[in-house]
Amino acid sequence: MQVDVVQLQAMFGAIAQAMEREKERLCELDGVIGDADHGIAMELGFSAAAKAVAALDASSSDPTAVFNIAAKSFLSAVGASSGPLYATALMRAGASVKEKPALSDDDMIDVLEAMAKGIQDRGKAEPGEKTMVDAWAPAALAARTARDEGKPLATSLEAAEQAARKGAEATRDMVALKGRSSRLGDRVIGHMDPGAASAVVLIEAIHIFFSDR
Ligand SMILES: [Mg+2]
């Protein structure tokens, strides 16, 4: 399939709706090991991104412009640490599809990989440190593997969602090595990282969006 600007606009709308629905749960998760604002940050960021993206003229914009404006608006809406992380992810997504008028299944997997890599680079985090990387890194790898096996986009995204979910679950057993929660030591064991949880929400929203097409 070909993903054009109009579909990307709708995809950002779907992500914003998912964050709105999950806002309270994400804040509760963050309340256990942080300052309870993660759901608010993600909802604010993606609603700002969706609004800015929706305002683009689809006939004179390309996918790169969509991701770039999403990055800028996410960054200005979110003061928390997730602001620069997702802004970098979205900028990298834009750079990965430069000058393409519409995106193929392969391009969409490139987008997912670019986002995961951007988050990992910006946060200087490795898997196993109880961050959103624990969901994003396995998700990108699973999507790439499925696509390399010839699976269509929706099936590849399903694999990504499952891997993200498994990765987020695994953060329960981890001690935090990045950010403020790293000061809490063993007290965070048993609790899922909120950034990994919101990564699942995002990847699930993208999966559902492309399953319906
Ligand atoms: Mg927080």
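The following exchange concerns a predicted model.

Reader: Which helix gives the most to the largest nonpolar core?

Author: The largest nonpolar core of this predicted model has 62 residues. At least two residues of this core come from each of α1 (5–33), α2 (38–54), α3 (63–77), α4 (82–96), α5 (105–123), α6 (133–148), α7 (153–170) and α8 (194–211). With eleven residues, the helix that gives the most is α8.

Reader: Which residues have the most contacts inside that core?

Author: The core counts 62 residues. Those with the most contacts inside it are Met 11, Phe 12, Phe 46, Phe 67, Tyr 86, Trp 136 and Phe 210.

Reader: With which residues is Phe 67 in contact, leaving aside its neighbours within four places in sequence?

Author: Phe 67 is among the buried residues of α3, and it is also one of the residues with the most contacts inside the largest nonpolar core. Once neighbours within four places in sequence are set aside, its contacts are Leu 8, Met 11, Phe 12, Leu 90, Ala 93, Gly 94, Val 97, Leu 103 and Val 111.

Reader: What covers the buried residues of α3?

Author: The buried residues of α3 are Pro 63, Thr 64, Val 66, Phe 67, Ala 70, Ala 71, Ser 73 and Phe 74. The cover over them includes α1, α2, α4 and α5.

Reader: How many Å apart are the end C-alpha atoms of α5, and what span should its residues have?

Author: The helix α5 has 19 residues, and 1.5 Å is allowed for each residue. The expected span is therefore 27 Å, because one less than the number of residues is multiplied by that rise. The end C-alpha atoms agree with this expectation, being apart by 27 Å.

Reader: Against which helices do the buried residues of α5 pack?

Author: Several residues of α5 are buried, including Asp 105, Asp 107, Met 108, Val 111 and Gln 120. The helices against which the buried residues of α5 pack are α1, α3, α4, α6, α7 and α8.

Reader: Which protein donors does the magnesium ion have, and what spacing do they follow along the chain?

Author: The protein donors lie 2.0 to 2.3 Å from the magnesium ion and are Asp 30 (OD), Asp 35 (OD) and Asp 37 (OD). Along the chain, these donors follow the spacing D-x4-D-x1-D.

Reader: Is Asp 30 buried or exposed?

Author: A residue counts as buried under 20% relative accessible area. Asp 35, at 37% relative accessibility, is partly exposed. The relative accessible area of Asp 30 is 8%, so this residue is buried.

Reader: Where does Lys 124 lie, and what is its phi?

Author: Most residues other than glycine have a negative phi. Lys 124 lies in the loop between α5 and α6, and its relative accessibility of 64% makes it exposed. Although Lys 124 is not a glycine, its phi is positive, at about 45 degrees.

Reader: Is Lys 130 buried or exposed?

Author: Lys 130 is found in the loop between α5 and α6. Its phi is positive and near 60 degrees, in a residue other than glycine. Since its relative accessibility is 2%, Lys 130 counts as buried.

Reader: Which residues are the closest to the centre of the largest pocket?

Author: The largest pocket has a volume of about 580 Å³. Of the 26 residues that line it, the closest to its centre are Ser 81, Leu 85, Lys 178, Gly 179 and Asp 193.

Reader: Which helices each supply at least two residues of the lining of the largest pocket?

Author: The lining of this pocket is formed by 26 residues. The helices that each supply at least two of them are α1, α4, α5 and α8.

Definitions and conventions
Residues numbered from 1 in each chain as written. Predicted model: local features only at pLDDT ≥ 70, side-chain atom pairs only at ≥ 80, totals over all residues. Heavy atoms only, no water. Core = buried A, V, L, I, M, F, W, Y, C linked by side-chain atoms within 4.5 Å. Buried < 20%, exposed > 50% of the residue type's maximum accessible area, 1.4 Å probe, protein only. Helix = DSSP H or I, 4+ residues; strand = E, 2+ residues; numbered from the N terminus. Contact = heavy atoms within 4.5 Å. Donors = N, O, S within 2.8 Å, 3.2 Å for Na, K, Ca; no water. 1 Å grid on protein atoms, 1.4 Å probe; cavity = no way out; pocket = protein on both sides within 12 Å on 5 of 7 lines; lining within 4 Å. Points joined across faces, edges and corners; volume = space filled by probe spheres on them.
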